[in-house]
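Good morning, colleagues. I should like to walk through one structure with you today, beginning with a single residue and ending with the chain as a whole. Please look at the display as we proceed.

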Amino acid sequence: MAAAPRTAALVVLPGLASAVIGMVGPLPGALVFAIREDFAFTASDVGFSFAGFYLASALVAQLAGRLMTRWGQLALIRLGLALCAAVAVTVALWSGRWQLFAAAGICGAANGFSTPAVNLLIARVVPSHRRGLAFGVRMSAVPGGASLAALAAYLVVGHGHDWQTVYAGYSVLCLATAAALGWIGRSARSAPETPQPPHAGDSAGEARGLRLLATAGLLAASGGAVLPPFLVEGMVHGGVAAGAAAVFLAVGSWLGMGARIVVGVVSDHLPRPKLHLAGVVISLVTGSLGMVGLALGRGTLAVGAAAVVTFGLGWAWPGLLHHAAIQLYPRHLLHTTTRLQSGTFLGGLLGPAVFGLAVTHLSFTGAWLGAAAVLAFAALAVCGIARRIEATSVPDLGSPVQTSDAPSPRSDPRHH
């Protein structure tokens, strides 16, 4: 494959695979009205299904490092897609409440081991001048998966088909994506990772840095993950009509995707980890201010503007944080990506659960202000990481992982 098409495939296909696997999480919520025609499936069931998906992701992500010492990243991504396809076919043929719960858990496990594999694949094989864009595309998987779920519900259920057809079609999409991964070429047919001792290299200093990164990711994900499930109802509470709030949710999802991709492109042109961390802080602070607007604003104009700001720039941080992480700790890519991804998965589980309790026992105003505070604390944690760079003289390199367009196993810094 020519260099340019191969690079395009490397940038796009890992993110597409993440979006397809992540689509299972919001799928029952998108199809709930059709599902209820066959059996009882309450709003609480939708919440349990969504939480189960991310709980399984967070638990299995802890084991992803061990799996990647046995299989290459591309093999794990394909395994995740194949597992989701098999589960979807089972649900399409044998549907029920508990089957949907089981499907969410199994596919969440597939998400847990495939997402760190995608992150590491990008760090290993994507050319350095396109790595920020690749992470931006990858981090668009969350809003992208939700958009795919909504589109499937509209195109299939809205045209008179039953909801099981969505799951059958989803299985075909999984298999097609797995086959398309072959287009990325031999450079991505990576070997299993070499096992490393937990404190190789700079030991205690790097361990503290990784803990700060995981904490920042957990807090940031906890604050940001409340937007998709609660934005519509929260905007209605702020005086926006339900139909307009739904439009803001759809537009906001696309804004979030676009912001992550645009910020990824910018990070490729400003490839210093300190600048990436500064961008993360700006994004988190902007998201925090946007949530204050959601809490205190009244009327369509004020609340809508707050939603756009929060979904747009406030959701732009994930790719920057991961890009900075692999640059700061290039000798521990496996450990870095699994720790950071585990933190964001756990945040995606805890944030909506705590937010829902806050709405029930306080109000949307209090819940939005609490989420704003969480994002502010996440920004402080990232500032702590930036200070550590200056205090410990961590090399502020533009691309310590790989610089060529045709990487080999010897491009791993551990071999130098």
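Let us begin at Leu 81, which lies in helix H6, the helix made of residues 73–93. Please bear in mind throughout that this is a predicted model. Is Leu 81 buried or exposed? Its relative accessibility is 0%, so Leu 81 counts as buried, the cut-off for that class being under 20%.

Which residues does Leu 81 touch, once those up to four places away in sequence are set aside? They are Ala 17, Val 20 and Ile 21, together with Cys 174, Thr 177, Ala 178 and Leu 181. One further distance may be noted here: the C-alpha atoms of Leu 81 and Ser 114 are separated by 8.5 Å, with the two positions 33 residues apart along the chain.

Several of these partners lead us to helix H10, residues 164–180. This helix has 17 residues, and the distance from its first C-alpha to its last is 25 Å, close to the 24 Å expected at 1.5 Å a residue. Among the buried residues of H10 are Cys 174, Thr 177 and Ala 178, and these three are also contacts of Leu 81. The buried set in H10 further includes Gln 164, Tyr 167 and Tyr 170.

I turn next to Ser 57, found in helix H4, which covers residues 43–61. With a relative accessibility of 0%, Ser 57 counts as buried, because that value falls in the buried class. What lies 2.8 Å from a polar atom of the Ser 57 side chain? It is the backbone oxygen of Gly 108. Leaving aside residues up to four places away in sequence, Ser 57 touches Gly 108, Ala 109, Asn 111, Gly 112 and Phe 345.

Gly 108 falls within the range of helix H7, which runs over residues 97–125. H7 has 29 residues and reaches 41 Å from its first C-alpha to its last, where 42 Å would be expected at 1.5 Å a residue. Most of this helix is covered, with 24 of its 29 residues buried.

Following H7, in the loop between it and helix H8, we find His 129. Its relative accessibility is 37%, and therefore His 129 counts as partly exposed. The C-alpha atoms of His 129 and Asp 268 are 5.4 Å apart, although 139 residues separate them along the chain.

Arg 131, by contrast, is placed in helix H8. Arg 131 is buried, because its relative accessible area is 0%. From C-alpha to C-alpha, Arg 131 and Val 11 are 7.5 Å apart in space, and 120 residues apart in sequence.

A similar pairing involves Lys 274, in helix H14, residues 273–296. At 30% relative accessibility, Lys 274 counts as partly exposed. Its C-alpha lies 6.3 Å from that of Ala 386, a residue 112 places away along the chain.

Let us now consider helix H16, residues 317–328. How many of its 12 residues are buried? The number is 12 of 12, and the list includes Trp 317, Pro 318, His 322, His 323 and Gln 327. As for its length, the 12 residues should span 16 Å at 1.5 Å a residue, and the end C-alpha atoms are 16 Å apart, so the two values agree.

The surface deserves a word as well. Val 247, Val 251, Leu 255 and Val 308 form a nonpolar patch there, with about 290 Å² of accessible area together. The largest share of this patch, 3 residues, comes from helix H13, residues 242–269, and Val 247 is found in that helix.

Finally, the chain as a whole. It contains 18 helices and 0 strands. Of its 416 residues, 54% are buried. The chain exposes about 16800 Å², and carbon and sulfur atoms supply 70% of that area. Among contacts between residues at least 6 apart in sequence, 86% join residues at least 24 apart. The contact of Ser 57 with Phe 345 and that of Leu 81 with Cys 174 may serve as illustrations to look for in the display. Thank you for your attention.

Terms used:
Residues are numbered from 1 along each chain as its sequence is written. This is a predicted model: local features need pLDDT of at least 70, side-chain atom pairs count only at pLDDT 80 or more; totals for chains, interfaces and linings use all residues. Side-chain values use heavy atoms; hydrogens and water are left out. Patches are made of residues with over 30% relative accessible area and no salt bridge: like charges are joined within 9 Å, nonpolar side chains (Val, Leu, Ile, Met, Phe, Trp, Tyr) within 5 Å. Accessible areas come from the Shrake-Rupley method with a 1.4 Å probe; for residues, only the protein chains shown count as cover. A salt bridge is a side-chain nitrogen of Lys or Arg within 4 Å of a carboxyl oxygen of Asp or Glu. Helices (H or I, at least four residues) and strands (E, at least two) are DSSP runs, numbered from the N terminus. Buried means under 20% relative accessible area, exposed over 50%, partly exposed in between (1.4 Å probe, protein chains only). A polar contact is a pair of N or O atoms within 3.5 Å; within protein, one must be able to donate a hydrogen and the other to accept it, and residues adjacent in sequence count only if both atoms are side-chain atoms. Contact means heavy atoms within 4.5 Å. The expected span of a helix is 1.5 Å times one less than its number of residues.
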